[in-house]
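Thanks for making the time this morning. I would like to walk you through one model, beginning with the ligand and then moving outward, so please have the view open.

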Amino acid sequence: MFKRILIANRGEIALRIIRCCEEMGIETVVVYSTEDRDSLPVITATKAVCIGPAKSTESYLNQDRILEAAKLTDCDAIHTGYGFLSENADFARKCEENEIKFIGPSHEIISGMGNKQNARELMIKNHVNVVPGSDGLVNSPEEAEIVAERLGFPVLIKASAGGGGKGMRRAFSKDEVKEAYNSAKAETLAAFGNGDMYIEKLILNPHHIEFQILADEYGNIIYLGERDCSIQKNNQKLLEETPAWALTEELRKEMGEQAILAAKACGYTNAGTVEFVLDDDNHFYFIEMNTRVQVEHPVTEMVTGIDIVKEQIKIASGMKLTYTQEDIERKGHAIECRINAQTPGTVKFLHFPAGFGVRVESYLYTGCKVSPVYDSMIAKIIVTGNTRLEAIKRMRRALKELVIEGVKTNAEYMLYLTYNREFINGKYDTSFYERNNQEIVKLIAVEQS
Ligand code: ADP
């Protein structure tokens, strides 16, 4: 087992990893920017090393500085959390070259899955369902028109290097294709320096269903069930839950087995997430594989009792999985709400919900600073219940208890979302936000007047 792990991240996920290491008897070194000098991860890690100014490119994305810090402090492994360098194949390769274990899959797998067209082709070869689409890359707007007409409208024009909703445009008819192609390509070139494009059929109002998998370095792969992440605002997830109401036990097994097939196709190791879109007729399609821990991993932990970060560390240290697929039991229902800051500032007063079935992941404390420089997510409220209804009621109770003074947050919005009829019914899809946002906002206004 590792003696000392460097954490190349900040905020709640850095803290999440520190807590896990503490329980495992592993020392932690957290790197930080001057902006995060007084942050909870810096205070709680065994050691903290300042690696640069606020700007991420000079600190949390500064590969050389981070590697240097790891060598100076004698770390034998690096955990990158999510975001920042977590899906950076170059960084994973440099870790390997420096004989520091990158806690995640190999750099070859990260780069293979990071290129979506590449991943798509590999999945087709290995009999994983993918969305019907172009054979390989589409090299011009004219070719895009031909391919789109062959597939039938609507289509989604996607960048191979795209991510975070960037480099993706819909086209509902032939005259929209050129413009969609050109603007998606320009966006992806500017953001990722790669203009490779492909086309998929646009699945109308699908469910976003993802499967958590664990794979050790000896070929053992299991899935820990699904998460429904269909409630998204501009492709940013707001609420995630498990189990997904859209899945029957039969469909869950079928999708889980496809997730394992996808992981096997690329020789995957460590924790990963296979993302699918699911349509109303229960057809499901692979869209991409995330080669890191996800923000929403706690909901899976709460129903399986498995600490995913601990598993990541154990797998990276060369240990075998201690569970088989048959050992995985899921109990009850779990929901996560992401609490985002709408204004930066200093937290003047803080009270987190607690009590039966409530878990909070957050870096906040009274007096701490919410920086405008980084991601706006400041807390995750996770609840469990024996049933979905119990979990919903518990989430309402938890959100009512939550007090964050000094920064504006979306906590009230999330509370009212849990009273939305479509959400309560559970039969929502990725168009939920668009369809219900106004009603939720109106409800808040009425309550406040
Ligand atoms: P990103 O890396 O930007 O998150 P994804 O490929 O995961 O890109 O797609 C983001 C979101 O877009 C998904 O969560 C899903 O809701 C939607 N999406 C992706 N592909 C399709 C498709 N072919 N049809 C409909 N929706 C899609």
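Before I come to the ligand, one term: when I speak of a polar contact, I mean a pair of N or O atoms within 3.5 Å. Please also keep in mind throughout that this is a predicted model.

With that cut-off in hand, let me take the contacts in turn. A backbone N or O atom of I203 lies 2.9 Å from a nitrogen atom of the ligand, and a polar side-chain atom of K158 is likewise placed 2.9 Å from a ligand nitrogen atom. On the oxygen side, a polar side-chain atom of E275 sits 3.1 Å from an oxygen atom of the ligand. Taken on its own, the ligand has 540 Å² of accessible area, and the protein covers 91% of that.

Which residues are the closest to the ligand? They are K116, G164, G165, H208 and E288, within a set of 21 residues that surround the ligand. If you sort that shell by class, you find 8 nonpolar, 7 polar and 6 charged residues. As for where the shell comes from, at least two residues are supplied by each of β6 (155-163), β8 (197-201), β12 (270-278) and β13 (284-290), and β6 gives the largest share, with 3 residues.

Now please turn to the open sheet, which is built from 5 strands in the order β3-β2-β1-β4-β5, with parallel pairing. The strands at its edges are β3 (47-52) and β5 (101-102), and because each has a single partner strand, one side of each is left without a neighbour in the sheet. Strand β1, residues 4-7, runs parallel to β2 and is joined to it by 4 bridges, one of the pairs being I7 with V30 in β2. Strand β1 also runs parallel to β4, residues 77-79, through 3 bridges, and here L6 has I78 as its bridge partner. Strand β2, residues 27-33, is mostly covered, with 6 of its 7 residues buried.

Finally, I would like to look at a single residue, V303, which lies in helix α10, residues 297-304. Is V303 buried or exposed? Its relative accessibility is 4%, so V303 counts as buried, the cut-off for buried being under 20%. Leaving aside residues up to four places away in sequence, V303 touches T242, E329, R330, K331, G332, H333 and A334. Between V303 and L224, which are 79 residues apart in sequence, the C-alpha to C-alpha distance is 9.2 Å.

Key. Residues numbered from 1 in each chain as written. Predicted model: local features only at pLDDT ≥ 70, side-chain atom pairs only at ≥ 80, totals over all residues. Heavy atoms only, no water. Near = heavy atom within 4 Å. Polar contact = N/O pair within 3.5 Å; in protein donor to acceptor, adjacent residues only side chain to side chain. Areas by Shrake-Rupley, 256 points an atom, 1.4 Å probe, with all protein chains shown as cover. Nonpolar A, V, L, I, M, F, W, Y, C, P; charged D, E, K, R; others polar. Buried < 20%, exposed > 50% of the residue type's maximum accessible area, 1.4 Å probe, protein only. Contact = heavy atoms within 4.5 Å. Pairing = 2+ DSSP bridges.
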